Amino acid sequence: MQAMQKKRPKHLDLGKIRLPLPGIVSILHRISGVGLFFTLPFIIYLLGGSLSSAEAFETYRTVIAHPLVKLILLGLLWAYMHHFCAGLRFLALDFHKGLELQTARSTARTVIIVSLALTVIIGGMLW
Amino acid sequence: MVNRIVVGARYGLRDWIMQRATAVVMAIYTFGLVLFLLTMPGTYEGWQAFFKTTWVQVLTQTTIIALLLHVWVGIRDVWMDYIKPVGLRLALHLFTIVWLVGCLIYSIKVVWGL
């Protein structure tokens with residue numbers, strides 16, 4: 001056992017190692033989650049603003065109409081979409097669905113594409 | 001099955017399950033909200049009236065609590081994975097708790113229109 005482990009090939013050339021697609025989905029799931037964590041008060045503010053009285057709502061509209069804020073909103077939209085889609089995939093994996101390498105790769109690709117597409121579609125509708 | 005010697009430590013299974021369960025709650029809420037958005041009259045008044053309904057407020061608040069528990073497990077995992085100095089890690093855990101409790105209080109204000 002010990003000898004077998006020693007014989008394993010090591011490939012730790014960081015310049016050459018490429019994260020496989022499921023790995024990219026996984027790290028983006030983590031990054032989007034951390035991003036949503038830090039913007040959580042802002043997200044609650046967004047809900048609050050949409051529910052505020054008429055005059056407060058006007059202020060809210062000017063705030064979210066700012067190009068920089070819109071860009072942040074687009075980022076949040078993507079973060080939510082990716083975290084959501086990747087999360088559904090992880091739940092399926094927890095139930096041992098889609099564990100085969102090829103399936104795992106194709107669902108990972110689907111997660112990336114679907115979450116980007118939804119971001120573009122919904123973002124386009126709201127912009 | 002893994003044969004472990006029980007020493008009174010926690011293995012995190014409960015957190016693992018909580019993270020999944022709260023994820024399901026949020027997913028159901030999201031689908032419900034999308035369904036409403038697709039069928040509602042599409043006005044600002046309709047949106048406001050919807051969120052003034054008690055059952056919507058209850059479901060929203062419950063989902064937000066699920067969200068906060070979900071975030072707690074997820075962010076704690078991130079700190080445990082990347083932050084090795086114990087002092088700093090504990091400080092970040094504390095910050096996370098304070099941040100999330102603050103979010104809870106703020107969400108109560110927003111959801112119930114206080």
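The legends below describe close-up views of a predicted model.

**View 1. Helix 1 of chain B and its buried residues.** Helix 1 of chain B covers residues 13-39, which makes 27 residues. From first C-alpha to last, the helix reaches 39 Å. That is close to the 39 Å expected at 1.5 Å a residue. Its buried residues are B:Asp15, B:Gln19, B:Thr22, B:Ala23, B:Met26, B:Ala27, B:Thr30 and B:Phe36. An α-helix has 3.6 residues a turn, so residues three or four places apart point the same way. The cover over the buried residues of helix 1 comes from both chains. Chain A contributes helix 5 (67-94). Chain B contributes helix 2 (44-52) and helix 3 (54-82).

**View 2. A:Tyr80 and its contacts in two chains.** A:Tyr80 sits in helix 5 of chain A. Its relative accessible area is 34%, so A:Tyr80 counts as partly exposed. Setting aside neighbours within four places in sequence, A:Tyr80 contacts A:Leu36 and B:Thr30. B:Thr30 is one of the buried residues of helix 1 of chain B. A:Ala54 lies 26 residues from A:Tyr80 along the chain. The C-alpha atoms of A:Tyr80 and A:Ala54 are separated by 28 Å.

**View 3. An aromatic pair between the chains, A:Phe37 and B:Trp99.** The whole structure holds 16 aromatic pairs over all chains. In the pair shown, the ring centres of A:Phe37 and B:Trp99 are 6.0 Å apart. Their planes meet at 55°, so the pair is tilted. A:Phe37 belongs to helix 2 (residues 21-38) of chain A, and B:Trp99 to helix 4 (residues 86-111) of chain B. Is each partner buried or partly exposed? A:Phe37 is buried, at 1% relative accessible area. B:Trp99 is partly exposed, at 25%.

**View 4. An aromatic cluster with members from chains A and B.** Five names make up one aromatic cluster: A:Phe42, A:Tyr45, A:Phe57, A:Tyr60 and B:Tyr44.

**View 5. Helix 3 of chain A and what it packs against.** The buried residues of this helix are A:Leu40, A:Ile44, A:Leu46, A:Leu47, A:Gly48, A:Gly49 and A:Ser50. Within chain A, they pack against helix 2, helix 4 and helix 5. From chain B, their packing partners are helix 2, helix 3 and helix 4.

**View 6. The second largest pocket.** About 350 Å³ of space lies in this pocket. Its lining has 18 residues. Those closest to the centre are A:Gly48, A:Leu51, A:Ser52, B:Val110 and B:Gly113. Two or more lining residues come from each of these elements: helix 3 (40-50) and helix 4 (54-65) of chain A, and helix 2 and helix 4 of chain B. Which element gives the most to the lining? Helix 4 of chain B does, with 4 residues. By class, the lining has 10 nonpolar, 6 polar and 2 charged residues.

**View 7. Two buried histidines, A:His29 and B:His93.** A:His29 lies in helix 2 of chain A. With 17% relative accessible area, A:His29 is buried. Beyond residues up to four places away in sequence, A:His29 touches A:His82, A:His83, A:Ala86, A:Gly87 and A:Phe90. B:His93 lies in helix 4 of chain B. B:His93 is buried too, at 13% relative accessible area. Leaving aside neighbours within four places in sequence, B:His93 contacts B:Trp72, B:Arg76, B:Trp79 and B:Met80.

**View 8. A:His96, an exposed loop residue.** A:His96 is found in the loop between helix 5 and helix 6 of chain A. Its relative accessibility is 61%, and exposed means over 50%, so A:His96 counts as exposed. Phi of A:His96 is near 60°. That is a positive value in a residue other than glycine.

**View 9. A:Gly123 among leucines.** A:Gly123 lies in helix 6 (residues 101-126) of chain A. The residue is buried, with 6% relative accessible area. Outside its neighbours within four places in sequence, A:Gly123 is in contact with A:Leu74, A:Leu77 and A:Leu118. A:Tyr45 is 78 residues away along the chain, and the two C-alpha atoms are separated by 19 Å. A:Tyr45 also belongs to the aromatic cluster with B:Tyr44.

Terms used
Residues are numbered from 1 along each chain as its sequence is written. Chains are lettered from A and ligands numbered from 1 in the order in which they are written. This is a predicted model: local features need pLDDT of at least 70, side-chain atom pairs count only at pLDDT 80 or more; totals for chains, interfaces and linings use all residues. Side-chain values use heavy atoms; hydrogens and water are left out. The expected span of a helix is 1.5 Å times one less than its number of residues. Buried means under 20% relative accessible area, exposed over 50%, partly exposed in between (1.4 Å probe, protein chains only). Contact means heavy atoms within 4.5 Å. Rings of Phe, Tyr and Trp (its six-membered ring) pair if their centres lie within 6.5 Å; planes under 30 degrees apart count as stacked, over 60 as edge-to-face and the rest as tilted. On a 1 Å grid over the protein atoms alone, a cavity is a set of points where a 1.4 Å probe fits but cannot get out, and a pocket is an open set with protein on both sides within 12 Å along at least five of seven lines; lining residues have an atom within 4 Å of a point. Grid points are joined across faces, edges and corners, and a volume is the space filled by probe spheres set on the points. Ala, Val, Leu, Ile, Met, Phe, Trp, Tyr, Cys and Pro count as nonpolar, Asp, Glu, Lys and Arg as charged, and the others, Gly among them, as polar.
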